[in-house]
Amino acid sequence: MTTATVTARPSAPVRHAPLPPGQEKREPPTTWWQTEEPREQVLERTLALPFTADSDANQRSRQRGLVKLLDWLEDQPGRTWQERWVASGAEDAGREWTRLPMQWLAEHQRARKYDRADLCCGMIPLLGGQVVRPAYRWLLRQRPSQLLAHIRSVTDPDGFAALKDQYTATGHAGANDCNNALNRVTWIVTRKGGTVHDVTIGDCVELQHAIGEHQTNGYHGKHLFYALLAGVGVFGPDAPARLKTVMLPGQLTPAALVDRQDITCTAIRDLLVDYLTERAVDVDYTTLEDMARTLAGLFWRDLEKHHPGIDSLRLDADTVTAWRERVRMVHDRHGTPIRPRVNAHTVFSWVRTFYQDLARWAADEPTRWGPWVAPCPVRDSDTDHSKNRARRKAAMDQRTRTLLPALPALVKAVERQLKDAQTCLATGRETPAGAPFTTPAGENLLRRAGASSRVYADDPATGRRRDLTVEEERAFWAWAIVEVLRHTGMRIEEALELTHHSFVAYQLPTTGEIVPMLQVAPSKLDQERLLLVSPELGEVLTAIIHRVRRGQQAMPLVSAYDSLERLWSAPMPFLFQRRCGPEDRAIPRNYIYTCLNDALAASGLTGPGNEQLRYTPHDFRRIFVTDALRSGLPPAHRRPDLRSPDGRHDPRLCRDLSRGRHQPPPVLHRPPPGAATRGGVPRAHRAGVAGLPGPLRAAEGRPRRLRTRLRHPLRSRTRLHPLPCPAARSGADAPLGGDPREPARPAPGGQGPGMARRDRRDRGQPRRRRAEARRHARPRGPAHHRPPGHARSPWRRRPHRLRAAKRRCEGVVLSTTTRG
């Protein structure tokens with residue numbers, strides 16, 4: 001196939017999501033009436049009200065400075081004052097811009113020792129009168145001082161007063177946050193012109209990118225100014241609730257994903273766009289992005305780099321062999337191999353799927369896909385990753401064996417760190433400014449002076465400043481995430497999506513009492529689940545809610561960003577949220593990793609090689625499953641999302657909600673009084689919840705679909721897994737029928753029938769005592785006189801086999817982990 005080739009198209013990086021109509025970035029005008037005024041009119045307008053200073057001395061300084069600036073600008077090339085300002089080079093000088101007019105004054109024998117102060121004062125009426133409009137790279141490098149406050153008083157005083165009233169009406173407090181928000185709006189008005197109500201969302205996005213480029217004051221991520229503008233109705237009713245919703249890029253189209261790889265051949269580029277558009281219907285965005293990166297980047301763009309002019313999917317043997325070798329290695333930007341590629345089989349799988357899909361689709365649409373059908377360059381053996389899977393499984397098993405014994409020490413460490421951080425913060429708040437105090441760890445600190453909502457202290461031993469508020473906050477969330485993950489075994493995305501609406505109060509149909517449960521939103525399996533809230537978990541969740549509320553009646557509503565799907569959720573009362581400056585934000589995944597790493601570094605826990613232990617959120621899920629297996633759950637039924645009131649794994653106490661929410665939950669069963677302690681919620685957390693139910697009897701006449709199905713192989717009346725019976729014959733010679741005491745045992749390698757519950761009586765059979773039923777059902781006589789199918793069970797009257805099976809089950813507990 002021969003097609004024309006074109007040069008690579010430039011791909012501009014997408015820096016923000018699409019903006020609403022009418023909210024695009026405004027381009028600064030080249031000229032306006034203030035910058036075209038002659039010198040005499042500029043002096044007359046900017047030295048009169050409302051541009052006058054508060055004192056005669058300041059007014060004289062402004063007048064002297066304004067005259068010097070206009071004299072200097074008149075000597076620069078340009079028709080307007082703005083053109084002369086740009087040509088002077090003052091914007092490139094930044095904070096040292098005053099040396100340029102001072103040098104000009106010195107050359108004209110007009111230098112004075114107070115020239116710098118006069119020039120700074122003269123810039124106030126020059127900017128307030130919008131004679132010049134400097135770029136952000138100059139504005140953001142100047143100290144605000146009185147400059148921005150004066151601009152607000154002469155540009156749009158009513159608009160800025162409305163923003164200040166909105167700040168107070170929304171419950172915010174603190175002059176520092178208010179001034180920072182007003183300064184940002186002032187920068188936009190100074191750069192773009194107009195009033196407060198002329199600001200667009202695109203202007204706010206442009207300012208945020210400029211702040212990140214030209215400032216490093218730690219206030220880059222604060223978007224309070226956008227919330228104030230949206231609150232007074234500047235952006236209209238359909239504006240996004242947060243500026244970060246617009247700043248973060250959304251989902252890209254298949255064409256944008258392909259164009260990021262700079263493919264030269266137009267025909268192949270269009271083919272990949274059409275193919276990804278067809279596949280985008282049945283895959284998620286993360287998978288679609290991986291497919292585009294593999295097919296357009298690692299496959300075709302790599303072929304174009306090493307075989308210029310290639311334009312066909314039909315590849316020769318030498319080309320395919322060379323491409324396979326390059327894919328198996330990771331290269332740097334210079335093309336030098338660095339290390340073997342771990343997911344090379346994934347790359348081969350996507351390419352093989354691409355060729356096979358084209359061949360299948362060509363049968364339905366031959367004119368569209370038929371010309372591109374070609375032999376697949378990837379063999380079936382290239383996609384085999386059984387060895388990698390086995391290595392990964394072994395690494396996970398070894399990691400679980402290493403981290404499981406250290407979990408109790410980690411739990412005690414995070415609890416101790418939280419108590420020490422809370423004590424240190426409370427002591428620091430009570431200590432006067434400049435006074436020393438001692439932390440629970442024995443460190444001597446000095447309370448830092450200054451009015452702030454945070455508590456700062458200086459460490460004389462290290463000479464660094466410590467933010468005790470941030471230390472206490474990270475210690476709390478490290479403790480919270482460790483407790484929630486180890487008590488529930490949830491995935492990290494499921495834990496971060498817990499909201500205040502996730503709590504379900506289930507009323508027992510037999511006693512009418514309330515059982516607290518936690519509803520887990522679907523994540524990987526697209527199935528909702530209910531978890532019984534244990535006392536320990538109830539204490540942790542209560543502490544989280546109390547912290548997030550901060551004394552308010554309701555929890556704040558925040559939106560969470562999915563970094564994988566690149567989507568924002570609706571405003572919801574998430575449990576994992578924290579206060580960032582003047583606004584509430586959902587806790588992202590990277591903050592959880594930061595808190596865990598800080599807690600582990602402070603705990604001093606080390607592994608077998610004396611290296612620092614590192615826990616990931618998914619490690620708690622594997623440890624939870626391993627602990628459940630050690631408690632007696634068979635490996636075939638490990639379900640970390642099911643919990644019992646006493647904290648052990650019990651699938652009988654939970655239900656799968658995939659059938660719908662309208663169906664009532666099944667009858668819950670509790671262990672007998674002496675078997676386990678009563679579960680439920682702590683006494684301090686029972687507000688609005690009825691008393692804890694006592695041990696429940698098995699409801700007689702339950703429907704069969706609600707009967708217990710999970711059984712333990714080492715306990716009586718248990719549901720056993722299919723095991724080969726040594727006394728049973730294989731093939732067609734196997735006897736039919738079965739012992740009513742035992743489920744039928746399949747032949748080795750065969751597929752046995754479904755297991756039935758032991759000693760289940762027929763509906764018409766009267767209820768009898770267990771011993772009597774066993775006596776009547778027990779076969780008599782030698783083995784050759786037993787009824788067909790009544791082979792001796794390997795679990796009955798075989799103590800040595802029972803002990804051996806028990807040892808085998810206990811031996812695989814620690815090596816059993818879960819993926820996903």
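Is aspartate 397 buried or exposed in this structure? Aspartate 397 is buried, with a relative accessible area of 8%. The legends below describe close-up views of a predicted model.

**View 1. A salt bridge within helix α20 joins lysine 393 and aspartate 397**. The two side chains meet with a nitrogen-to-oxygen separation of 2.8 Å. Both residues belong to helix α20, which covers residues 386-403. Because lysine 393 and aspartate 397 are four residues apart in this helix, about one helical turn separates them. Lysine 393 is partly exposed, at 24% relative accessible area, whereas aspartate 397 is buried. Elsewhere, Arg324, Glu325, Arg328, Arg379 and Asp382 are joined into one network by salt bridges that share partners.

**View 2. Glutamate 91 and arginine 137 form a salt bridge between two helices**. The closest N and O atoms of this pair are 3.3 Å apart. Glutamate 91 is part of helix α4 (residues 90-93) and arginine 137 is part of helix α7 (residues 136-139), so the salt bridge ties together parts that lie 46 residues apart in sequence. Glutamate 91 is buried, with a relative accessible area of 8%. Arginine 137 is partly exposed, with a value of 33%.

**View 3. Lysine 25 and glutamate 27 pair through their side chains**. Their salt bridge has an N to O distance of 3.8 Å. Glutamate 27 counts as exposed because its relative accessible area of 58% is over 50%. Lysine 25, at 41% relative accessibility, is partly exposed. In general, side chains of opposite charge can pair when their charged atoms come close. The structure holds 46 salt bridges.

**View 4. Valine 67 of helix α2 touches Arg39 and Leu43**. Helix α2 spans residues 56-74. The contacts named here leave aside residues up to four places away in sequence. Valine 67 and arginine 39 are 28 residues apart in sequence, and their C-alpha atoms are 9.3 Å apart in space. Valine 67 is partly exposed, with a relative accessibility of 24%.

**View 5. Three strands form an open sheet in the order β7-β8-β9**. The pairing in this sheet is antiparallel. Strands β7 (503-507) and β9 (529-532) stand at the edges; each has a single partner strand, so one side of each is left without a neighbour in the sheet. Neighbouring strands are turned by 40° against each other on average, direction ignored. Strand β8 (residues 514-520) is joined to β9 by four bridges. Methionine 517 has leucine 532, in β9, as its bridge partner.

Methods: Residues numbered from 1 in each chain as written. Predicted model: local features only at pLDDT ≥ 70, side-chain atom pairs only at ≥ 80, totals over all residues. Heavy atoms only, no water. Pairing = 2+ DSSP bridges. Axes fitted to C-alpha atoms, helices over the stretch in contact; angles between N-to-C directions. Buried < 20%, exposed > 50% of the residue type's maximum accessible area, 1.4 Å probe, protein only. Contact = heavy atoms within 4.5 Å. Salt bridge = Lys/Arg side-chain N within 4 Å of Asp/Glu carboxyl O.
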